[in-house]
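Trainee: Could we go through this one together, slowly? I'd like to begin with a single pairing and work outwards.

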Amino acid sequence: MTLLKKFAILCDLNNSSGLGHLSRMKNLSRELEKKGSKCYFMFYQKDKKYITKHTKNLRVMFFSNRSKIKSIKDILLENSFSMLILDSYENNLLLEKALVKKGIFVVSIDDHLRKHFSNIVVSNRAEQVNINSKKPDQIWLTGSKYILVTKNSKIVKKIQHKSKKLKLLLHAGGSSSYKHVKDFTFETLGAINKYNLDASILCTSKDSKKYIKTISKKHNSLNRLKILPFIKNLSKKIKNYDIVAGPAGTTTFESILSGSIPFSVPLKNDGRDSVNSWNSLGHL
């Protein structure tokens, strides 16, 4: 099979979505570019300031805030893209339908097993696809082998001395939504204190940093915490932590594949978190 030379990738990237979608699409784009293709990322114009901070060294294009479908369709046709890879939690059924009708090949990344008009749907879910969700001539690729994360080629996990502190990373997704997992965050801070863990906490916003400082005072643990505003190349550095605590998502997959132990909780009950999918990878 000869790969197309130009791929357009549209994924969620804003203050509320965090960096998970971008992370897995960057993994995919790297593999596509190794095979001689060029990948271009497409984002909302309204989020340009936030996006620019996180997309250095990427080819980026922006579509209109108002006429989304027309703007995307025009960009794809004017720049001779014949394929769009779509990784977004927005309801994109009308977009998919309009693009496929125009002859543009659409691949959708799906975490919810929803209905699609795309030519190919890719999901890491271990469950069977409902036959009512599948369109005629539509291909569904499902299961843990389609998780779009980077696997470390060499995993070494040894605690050489019993007295060595376990290293823990606490996060709340790319948007650091600790307020949405209050009980989980509070109990994790308690465990850090109780078990004398070497803890780092990822706070990607001023609000999240303020929130963590406020609740950590209740555990008298503020002085022992390392509050990090950002971790460059997180997927590569995650293997340095023994435990990774935070909402289930891309970071959970990366933790499992790096040999770290993930301790997770659903950010919200929206169908993303599949017990079967986590267990198929060895998640505790």
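Trainee: Which residue in β11 is the bridge partner of L170?
Mentor: It is A245 that serves as the bridge partner of L170 in β11, and please keep in mind throughout that this is a predicted model. The two strands involved, β8 with residues 167-170 and β11 with residues 243-247, pair in the parallel sense over three bridges.

Trainee: And what is the order of the strands in that sheet?
Mentor: Five strands make up an open sheet with parallel pairing, and their order is β10-β9-β8-β11-β12. The edge strands, each pairing on one side only, are β10 (226-228) and β12 (261-265). On average, and ignoring direction, neighbouring strands of this sheet are turned by 20° against each other.

Trainee: Which strands does helix α8 touch?
Mentor: Helix α8, covering residues 250-258, packs on the sheet and touches β11 and β12, with its direction making about 160° with that of β12.

Trainee: How many residues of α8 are buried?
Mentor: Nine of its nine residues are buried, so the helix is mostly covered, if we take buried as under 20% relative accessible area. Among them are F253, I256 and L257, but also E254. Just after α8 comes G259, which takes a positive phi of about 95°.

Trainee: Changing topic, how many aromatic pairs are there?
Mentor: The structure holds four aromatic pairs. One of them joins Y40 and F81 edge-to-face, with 5.3 Å centre to centre and 70° between the planes. This pair links distant parts of the chain, as Y40 lies in strand β2 (residues 38-44) and F81 in the loop between α3 (68-78) and β4 (83-87), 41 residues apart.

Trainee: Are those two rings' residues buried or exposed?
Mentor: Y40 is buried with a relative accessible area of 18%, and F81 is buried with a relative accessible area of 4%.

Trainee: Why is the pair of Y44 and F63 called tilted?
Mentor: The planes of Y44 and F63 stand at 55°, with the ring centres 4.7 Å apart, so the pair counts as tilted; an edge-to-face pair would need planes over 60 degrees apart. Y44 is in strand β2 and F63 in strand β3 (residues 60-63), 19 residues apart, and both residues are buried.

Trainee: What sits over the ring of F81?
Mentor: The charged end of K6 sits over that ring, 4.8 Å from its centre. Another case is K167, whose charged end sits over the ring of Y241, 5.4 Å from its centre.

Technical notes: Residues are numbered from 1 along each chain as its sequence is written. This is a predicted model: local features need pLDDT of at least 70, side-chain atom pairs count only at pLDDT 80 or more; totals for chains, interfaces and linings use all residues. Side-chain values use heavy atoms; hydrogens and water are left out. Two strands pair if DSSP finds at least two bridges between them. Helices (H or I, at least four residues) and strands (E, at least two) are DSSP runs, numbered from the N terminus. Axes are lines fitted to C-alpha atoms, for helices over the stretch in contact, and angles run from 0 to 180 degrees between N-to-C directions. Contact means heavy atoms within 4.5 Å. Buried means under 20% relative accessible area, exposed over 50%, partly exposed in between (1.4 Å probe, protein chains only). Rings of Phe, Tyr and Trp (its six-membered ring) pair if their centres lie within 6.5 Å; planes under 30 degrees apart count as stacked, over 60 as edge-to-face and the rest as tilted. A charge sits over a ring if NZ of Lys or CZ of Arg is within 6 Å of the ring centre and within 35 degrees of the ring normal.
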